[in-house]
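Reader: Please take me through this model one question at a time, and set out the criteria behind each reply as you go.

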Amino acid sequence: MEDRKAIVKCKYKKCNCNNEIPLNENTINNIVRYGNAYYHSDCFINWCNEGINHFKANQKYKDALSSIEVYKEDAYKHLINRIENYDLYKFIMDRYDVKTLDTYVYVKLNRIFNGTLEGIREGGIPKEHFFDMWKRKTHQLDKIHQQNIVKGKNMTTTQTIMYDISVLINKYDSYLKWLEREKIIQAEANYNNASTKLLTREIKNRRENNIVEKDDISTLVNDIFDD
Ligand SMILES: [Zn+2]
């Protein structure tokens, strides 16, 4: 079934496209929301220019054209949650306190995920890993950022995001090692948890059958773990 959430219609009737705008990180920055309708930004500019040229009372079209950036931002806000990887993008926008993301950021992230970024490990880095890593490393990234400021390296927000992405790429090997250790710890925790349940059940059984006295638990523990 077609995903209607991932498409908006362009209201401009004369455009050469099929009037549908697929929502993705390449199109999201070039959609205008005006009067509750969406337009390709080029179509919107055409629509404004036609109004300006054809009508005497054309102030409305002049105003619309001069505020195009506002309408683009409005479209972005309304549509961003419909595009793929929204959770990650939302996290980045919140963390760096920006309303929109630069196209460079989308492009770089996608190249990391699909493995086409120069120098990236074969097969790329899975989005889930990269997202998780970013959340776990926020404190460390902030520290690096502070150090950079002290050194006089001032960056724009987009530059900071791109810088942090590079830092995260470099940390991926150690993240994988950490993940491996976590899996072992988790497996041990599950094993201990299962053992505890087994022990509790065993104590209950033995008590019910009067096999052990109440204070004889340590002997029982040894019994079970020695198996
Ligand atoms: Zn259009």
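**Burial, helix packing and loops**

Reader: Is asparagine 30 buried, exposed or partly exposed?

Author: A residue counts as buried if 20 or more other C-beta atoms, placed from the backbone, lie within 10 Å of its own, as exposed if 12 or fewer do, and as partly exposed in between. Asparagine 30 has 16 other C-beta atoms within 10 Å, so its class is partly exposed.

Reader: What kind of model is this?

Author: Residues are numbered from 1 along each chain as its sequence is written. Local features need pLDDT of at least 70, side-chain atom pairs count only at pLDDT 80 or more, and totals for chains, interfaces and linings use all residues, since this is a predicted model.

Reader: Which residues does asparagine 30 touch, not counting those up to four places away in sequence?

Author: Asparagine 30 sits in the loop between strand E2 (20–22) and E3, where helices (H or I, at least four residues) and strands (E, at least two) are DSSP runs numbered from the N terminus. Its C-alpha atom is 8.8 Å from that of alanine 75, although 45 residues along the chain separate the two. Contact requires C-beta atoms, placed from the backbone, within 7 Å. By that test, and with residues up to four places away set aside, asparagine 30 touches His40 and Ser41.

Reader: How wide is the arc of the buried residues of H1, seen down its axis?

Author: Helix H1 (residues 41–54) has 14 residues and reaches 20 Å from its first C-alpha to its last, close to the expected 20 Å, a span given by 1.5 Å times one less than the number of residues. Its buried residues are Cys43, Phe44, Trp47 and Cys48. They line one face of the helix, because the directions from the axis to their C-beta atoms fall within an arc of 140°.

Reader: Which elements are included in what covers the buried residues of H1?

Author: The protein chain comes to ten helices and four strands, and from the N terminus on the four strands precede the helices in the order β-β-β-β-α-α-α-α-α-α-α-α-α-α. Included in the cover over the buried residues of H1 are strand E3 (31–34), strand E4 (37–40), helix H2 (59–66) and helix H3 (68–79).

Reader: What is the relative orientation of H5 and H8?

Author: Helix H5 (residues 103–114) and helix H8 (residues 157–170) pack at about 10°, with axes 10 Å apart; axes are lines fitted to C-alpha atoms, for helices over the stretch in contact, and angles run from 0 to 180 degrees between N-to-C directions. Angles under 35 degrees count as roughly parallel, over 145 as roughly antiparallel, 65 to 115 as roughly perpendicular and the rest as oblique. The angle therefore makes H5, relative to H8, roughly parallel.

Reader: With which residues is methionine 162 in contact, leaving aside neighbours within four places in sequence?

Author: Methionine 162 is found in helix H8 and counts as partly exposed, with 15 C-beta neighbours inside 10 Å. Its C-alpha is 8.3 Å from that of tyrosine 104, 58 residues away in sequence. Sequence neighbours aside, the contacts of methionine 162 are Tyr104, Val105 and Lys108.

Reader: What is the phi of asparagine 36?

Author: Asparagine 36 lies in the loop between E3 and E4 and counts as exposed, with 7 C-beta neighbours inside 10 Å. Although asparagine 36 is not a glycine, its phi is positive, at about 65°.

Key:
Two residues are in contact if their C-beta atoms, placed from the backbone, lie within 7 Å.
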